[in-house]
Amino acid sequence: MPDQQDTTDTRLAPLREDIRFLGDCLGTILTEQGGAGLFAIEEELRRGFKALRADPEDRALGARLERTVADLDTETAAGVLRAFTLYFQLVNLAEQHQRIRRLNAREDRPGEDPAPGSLAAVVARFAARGVPASAIRDLLEQLEIEPVLTAHPTEALRRTVLEHVGHLADLLERREAHPPGSPARRRAEADIAAIIEGLWQTDEVHQRAPTVQDEVRNGLFHIEGVLFDAVPELLQGLEDILARHYPGEAFPVPAFLRMGTWIGGDRDGNPNVTPEATWQALLAGHRGMLQRHMAAADALSADLSQSTNWIRIPEELQEALAVDARLWPERAAEAHDRNPLEPYRQRLAIIRHRLLAMRAAWCDSWQDAERMPASRAGYASAADLLQDLDVLDRSLRSHRSTRVADGPLRTWRRQVASFGFHGARMDLRQHAGNHQRALDTVLGRLGLDVRAWDAGAREAWLEGELTNRRPLVARDLAPYDASTRETLDTFRMVAAARRVFGPEALGSFVLSMTTSPADVLTALLLLREGGVLQWAEDGACVSTMPVVPLFETIADLAEAPGIMRRLFAMPAYRAHLRALGDVQEVMLGYSDSNKDGGIMTSSWALYRAQQELLEVSGEAGIRLKLFHGRGGSVGRGGGPSHLAILAQPPGTVGGRLKLTEQGEVIGHKYGRGPLARRSLELVTSAVLESSLLPGAEASENPEWPRIAADLSERAHIAYRTLVHDHPAFADFLGRATPLDLLGGLRLGSRPARRQAGSDIGALRAIPWVFAWTQNRMILPGWLGLGTALSGWRKAQGPDATERLRQMARDFPFFRTLLSNVEMTLAKADMAIASRYVAGLVGSVPDLVVLWQGIEAEYRLTVAEVLLVLNQTELLEQAPTLRRSIAARNPYVDPLNHLQIALLARWRACGEATPPPALLDALKLSVSGIAAGLRNTG
Ligand code: PGA
């Protein structure tokens, strides 16, 4: 399989060479393993679809290719699918390698041509615009950036396959380090071929659903294996850049990057995330971190052989050694005997001993936590360890060992400050309705008939009850039903986890589908029942954790400011916030609001909600922390994070940002050190920039918010009319997409739907976007905007287009929205989509008309977007992406055609059980298309 890349750009030469090499390897293995026949069919399809892309009007060729595909037996079809899927994995790998190559090249030439979005670029802009050093220092002090890894089921490939591909990435680097023809290069090439051969014989897709523990392991691989090293590097990088641009100024860069995780904590719609599973996830995180800290202690001990023959250590360290000798006499004596004149090694031996001792308190089950004595030797908190390391730091500096202090010791101190003993801080998430049901059951057993209460009565009762000391829940949970027991146990487990692992191991409790203040109060009441929320005699709140409403429908986003205002006015709620430092975290759901109202409406509703939430919290004297629940694809709020942050309403970032990172995005962004550094850099630089050099505000031109609101309303009507009100739409979705397949893909530990049912409301946002991505319509990324733009333009005067153009140029919100929609329109392909309709929907008149409407709306959207962007072609300003999409398309086409043919065969089985090989081939088509589009959905 030869090179698919454009040959115009010489910087791409190494990429082309990699793709050619990997493609040749694959071609050889395909012939050896699958036989010349399979290779010939694969080549016929590849050449044919390429020719068809070049001349889409060649109907005879199109018909011939379709016949060839339809005639393939399942086994051959599976072979072809595997060949293309593997090919895309190799191309993706080569593109990733190219990205790393370019990042490294830039790093080798600091100062010149800083990459867009880099820290160097933003700090240079600060210096050029005269931003004072003190303003940067103030910002650094309050800076908080928290990417949160989730186990959202959007990674189509198995961990095993990803690991093989990761190994290939190492080998590509090795190959490149040696000249062509050299023995070392030949060895690397042979190893690469061996892995591709192995991959050919490996199952690409899951034969069983991953368990929560599998997902936890996957997350830990990124935290312990990549981010633990990447985060301190980024902090150091920022410090160096600031020093370069502000000579003579000191910038102590604190540990502002904290990783979060939902893996093992997100129980919304996932019955497998039990209290035990969460406990095991916490335990695994702590164990992994301990290993890394002990390894750091060992490495430092190997370095710090300074002897008292040559140095004098300050009193502070001498005292610490004396305390060690008193508290741990045997250990201290042992360490002293081993390294009699080497105080650092003696001290590090005790530090290591104390780290190891922490394990004693970590029981296997949360229910045992009560009985476990606290470990006396172990560190009570990461802050204690940090204090010990600070003593070493001061001591080293006192005898001018600054290089060591600034080198490995500083890295470790940063790791301790950033990751503590927990690694990633775990959030919990549950659907608000689940808590309400559990509380109603508890109250029902107490004889309270809460069904008679209206919303106001419920809210008032909850508010009053919150500070009450009388428990509502029986100590023994046996009388409650299983679901209530599990909910109540979750809160008890949280209390146990805070006791055993420390409060910093847990982040927030997120409430999906929050619709009222009562949802938040209910969760707080259950936290009180679990023993987490506690009041002092004087009414002060002495223990609590953040309860975070997640607003994720258009209506709830509009209600959000009012809901928060009511909560802020409640004294008990305010007291709980005071205990949290007067910070309110609010989560915004991008995917579900998009599915509910379409991209234009959801984007504007999110923007407005943020502005108003900022106002409401400002009035109440509370700092707002926004948590952005974005997916990977545009239809789920994705798109480049850097631009997204710069397009947030001014003032809403203010140095604080929490955002989700999920599914296949985690591997893309954090799979390797240089990629992780770059991803963190892009987010950090955007937060710095939007905090100190905010972009244009909507109110800067009073017309913009009016236009956006008008567009949003128009788009909403267009979207709802089709998606929610059209009686045949659900039927169309079921037929024209592979939605029925997705549940069986076993992509994650959670089921595809929250509850049974076939309505669009019950469908989760991930399979919704996933399904539309596979058939190339990608509706969630554009539907509604075309009608809105054209309707608005027609309703306005002749200058309408110019006004929209100005808004697209100067209003970051609109610019980013259009750029994301433009990218989706370019990835969507109505010619392929029409094959899905022809092959799978049939000629049901209603559905055909519906499809014609979608096609027309797509054409309209492209025309309108091009008009507003003043372009003649999509992605005119993003040639690399345009080339990449164009180069991939002819290879994705056969996968789409095969999927259509196989789906038709599968559905024709009706009630009969389809052959397992058919289902396997279909699954392969899904992961192949996902790999080809570099996006599951
Ligand atoms: P959720 O995620 O269904 O878990 O809320 C939605 C998404 O990320 O798209």
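In this predicted model, strand β4 (residues 506–512) pairs with strand β7 (residues 547–551) in the parallel sense, over 3 bridges. One residue pair helps to place this contact on the structure: Phe509 has Val547 in β7 as its bridge partner. Helix α17 (residues 482–501) lies across β4 and β3 (425–431), and runs at about 165 degrees to β4.

The pairing of β4 with β7 belongs to a barrel, closed by 8 strands in the order β1-β2-β3-β4-β7-β8-β9-β10 with parallel pairing. In general terms, strands of a sheet pair through backbone hydrogen bonds, either parallel or antiparallel. Moving along the barrel order, β7 and β8 run parallel and are joined by 2 bridges, and here Phe551 has Leu588 of β8 as its bridge partner. From β8, 7 bridges lead on to strand β9 (residues 623–629), again with the two strands running parallel. A convenient marker for that pairing is Gln584, which stands opposite Leu624 in β9.

Strand β8 (residues 583–589) deserves a look of its own, as 7 of its 7 residues are buried. In a regular strand the side chains alternate between the two faces of the sheet. On β8, Val583, Glu585, Met587 and Gly589 point one way, while Gln584, Val586 and Leu588 point the other way. Both sets are buried.

The barrel order also includes β1 and β10. Strand β1 (residues 144–150) is mostly covered, with 6 of its 7 residues buried. It pairs with strand β10 (residues 656–662) in the parallel sense over 7 bridges, and Ile145 stands opposite Leu657 in β10. The pairing of β1 with strand β2 (residues 260–261) is also parallel and extends over 2 bridges; there, Val148 stands opposite Gly260.

Turning to the helices, two packed helices are described by the angle between their axes and the distance between the axes. For helix α4 (residues 119–128) and helix α25 (residues 673–692), the axes come within 9 Å and cross at roughly 20 degrees. The two helices are therefore roughly parallel to each other, and α4 passes α25 in a left-handed crossing. On the α4 side, the contact is made by Leu119, Ala120, Val122, Arg125 and Phe126. Facing them from α25 are Glu681, Thr684, Ser685, Leu688, Glu689 and Leu692.

Helix α13 (residues 382–398) has 17 residues and reaches 24 Å from its first C-alpha to its last, close to the 24 Å expected at 1.5 Å a residue. Its buried residues are Ala382, Leu385, Asp388, Leu389, Val391, Leu392, Asp393, Ser395 and Leu396. An α-helix has 3.6 residues a turn, so residues three or four places apart point the same way. The cover over the buried residues of α13 includes α10 (315–327), α12 (343–357) and α14 (402–419). Just after α13, Arg400 takes a positive phi of about 60 degrees.

A further arginine, Arg803, is found in helix α31 (residues 800–810). Because its relative accessibility is 17%, Arg803 counts as buried. Leaving aside neighbours within four places in sequence, Arg803 is in contact with Glu703, Trp792 and Gln796.

Notes. Residues numbered from 1 in each chain as written. Predicted model: local features only at pLDDT ≥ 70, side-chain atom pairs only at ≥ 80, totals over all residues. Heavy atoms only, no water. Helix = DSSP H or I, 4+ residues; strand = E, 2+ residues; numbered from the N terminus. Expected span 1.5 Å × (residues − 1). Buried < 20%, exposed > 50% of the residue type's maximum accessible area, 1.4 Å probe, protein only. Contact = heavy atoms within 4.5 Å. Pairing = 2+ DSSP bridges. Axes fitted to C-alpha atoms, helices over the stretch in contact; angles between N-to-C directions. Parallel < 35°, antiparallel > 145°, perpendicular 65-115°, else oblique. Left-handed = near helix turned anticlockwise from the far one by under 90°.
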